[in-house]
Amino acid sequence: MPAFIRYVQDSAHFPESADVVIIGAGISGSAAAWELTRKGLKVVIIEKGLVGAEQSSRNWGWCRQQNRDERELPLIIHALQRWQELNAETGEELGFRRSGLVYASRDPAEIAAWEDWGKMARNYDIRSHILDAAGAKALTPGSTTSWLGGVHSPDDGYADPSQAAPGLVIAAQRQGAQVFQQCAVRGLDISAGKVSGVITERGLIKTRAVICAAGVWTSLFCRRHGLELPLGNVIGTAFRTHPIDQVVKAPFYTGSFACRPQADGGYTVSVSGKGRLEPGFQGLKYSRQFLQTFRARRKNLTVSPGLSAFIRGPETLARWSMEAVSPFEAVRILDPQADHDMVRQGLAAMVKEFPALQGLRVSQSWGGMIDSTPDAIPVISTVRQIPGLVLSAGYSGHGFGIGPGAGRLAADLVTGDTPIVDPAPYRYSRLVDGSDLDAPGMM
């Protein structure tokens, strides 16, 4: 698993009750905890493994508006504002920097798509500058490719995945929130059709409000209570390098790799758009909903079927009682294997593009499982069938940057406050009511 995740100390006394219980301490759950403590609520965070140890520490760290689906733009605009404020507000270093992002390409269709996106984004006062060949070359000094063009988003940036979720939880603890790790929530306690508590492996916590921000485990958790939540799980690979004299100073994307500079002089690197499917029961159950997306992205996906996904993990068919060990306890931290061919491919592509990085070495590689919706837009929503439950999941590989906005929206939905943005695009019902879902937009 990725190294150097910041340690979070558990709270001392397991509570009998809370105003809000948050299931999952990834970036969206941690951000919701911070926002709810600011609203004066008694918050308890329950994490089956460790704070931020799954996808929230395994992503690229990008915090971007550029090339997002239009439906997400209001939320990422708010999220970037919050990223800018959170270091000072929390007293914690979350690693956020407004470095700008650079994309470069030799593909005319790709550049045309970026240009169209920029025209739409101007309606939201987002700065996105199309680059000609000379402009792309100027922003990628030392690159060997003769770019046709690119795009530059000066207001975007990155944060540190190893620091962000833990820092938000530690700040929330100082404001009175409690956190308990290595403690799974087995299910909801429901009375008169409404949430009345959560049943954990350590006992019942009474509450009338729950945010389920359990990442790839959310659909399995929902099925325990008769809720259908079509999520598809994709495994990505990333790696970090040893420190080197950095020639790429800001997050950079091209068709063969994407990278982000790290404070220690190394890089986080991934192969752009590639992923691996290891389908189990859940993958088969929701395959029809994902058929259009699968066809569109088939060339970038490796399918690795096997029995293990049916037996353990988020794709399992498992059923469990509230008094028995749950699938969440069986896998404390989901740690998929990295695709080592992809690591070699990404390293070679980066060194080929920037010869000054000759000698760049991999220090660590890892896999991470990404929960996706059929339209690649997250679910941040109340659930009519179970009053008191708010879902926060399905971030489709671009949830880290949007995390502070997602946390605030989930907090608003729990408290009944005026939502920070229109929640309609993120409603749960669109996935199960027969709506014609829009195709995924730009990612």
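1. Contact here means heavy atoms within 4.5 Å, and that is the sense used for every list of touching residues below. This is a predicted model, so local features need pLDDT of at least 70 and side-chain atom pairs count only at pLDDT 80 or more, while totals for chains, interfaces and linings use all residues. Residues are numbered from 1 along each chain as its sequence is written, and side-chain values use heavy atoms, with hydrogens and water left out.

2. Confidence to begin with. The protein chain has a mean pLDDT (the predictor's confidence in each residue, from 0 to 100) of 95, and 98% of its residues reach 70 or more. Of the chain's elements, strand β1 (residues 20–23) has the highest mean, 99, and helix α8 (residues 291–297) the lowest, 87. Helices (H or I, at least four residues) and strands (E, at least two) are DSSP runs, numbered from the N terminus.

3. Have a look at K48. This lysine sits in the loop between β2 (43–46) and β3 (62–63). Is K48 buried or exposed? K48 counts as buried because its relative accessibility is 10%, where buried means under 20% relative accessible area, exposed over 50% and partly exposed in between (1.4 Å probe, protein chains only).

4. What does the side chain of K48 pair with? One partner is the side chain of E54, in a polar contact of 2.9 Å. A polar contact is a pair of N or O atoms within 3.5 Å; within protein, one must be able to donate a hydrogen and the other to accept it, and residues adjacent in sequence count only if both atoms are side-chain atoms. The backbone oxygen of R332 is also there, 2.7 Å from a polar atom of the K48 side chain. Leaving aside neighbours within four places in sequence, K48 is in contact with residues including Q182, C183, A184, W217, F328 and V331.

5. Helix α5 (residues 164–174) is worth a slice through the model. Nine of its eleven residues are buried, so α5 is largely enclosed by the rest of the structure. The buried set is A164, A165, P166, G167, L168, V169, I170, A171 and A172. Among the elements covering them are α1 (27–38), β2, α2 (73–90) and β8 (178–180). After α5 comes G176, with a positive phi near 110°.

6. A31 picks up the α1 side of that story. This alanine is found in helix α1 and counts as buried because its relative accessibility is 3%. Not counting residues up to four places away in sequence, A31 touches L168, G403, P404 and G407; L168 is one of the buried residues of α5. For a longer ruler, A31 and L229 are 198 residues apart in sequence and 22 Å apart in space, C-alpha to C-alpha.

7. S128 lies in the loop between α3 (108–121) and β5 (129–131). With a relative accessible area of 14%, S128 is buried. Its side chain makes a polar contact of 2.7 Å with the side chain of Q66. Beyond four places in sequence, S128 touches Q66, W117, G118, V151 and H152. The C-alpha atoms of S128 and E115, 13 residues apart along the chain, are separated by 8.8 Å.

8. Two backbone angles to check. Most residues other than glycine have a negative phi, and most peptide bonds are trans. A192 has a positive phi near 55°, and S396 has one of about 60°. A192 lies in the loop between β9 (185–191) and β10 (194–200) and is exposed, at 82% relative accessible area. S396 is in the loop between β21 (389–393) and α12 (403–415) and is buried, at 5%. The C-alpha atoms of A192 and I386 are 10.0 Å apart, with their positions 194 residues apart along the chain.

9. Finally, the second largest pocket. How many residues line this pocket? There are 21, of which D160, S162, R260, Q262 and A263 lie nearest its centre. By class, the lining has eight nonpolar, seven polar and six charged residues; Ala, Val, Leu, Ile, Met, Phe, Trp, Tyr, Cys and Pro count as nonpolar, Asp, Glu, Lys and Arg as charged, and the others, Gly among them, as polar. A pocket is an open set of points on a 1 Å grid over the protein atoms alone, where a 1.4 Å probe fits, with protein on both sides within 12 Å along at least five of seven lines; lining residues have an atom within 4 Å of a point.
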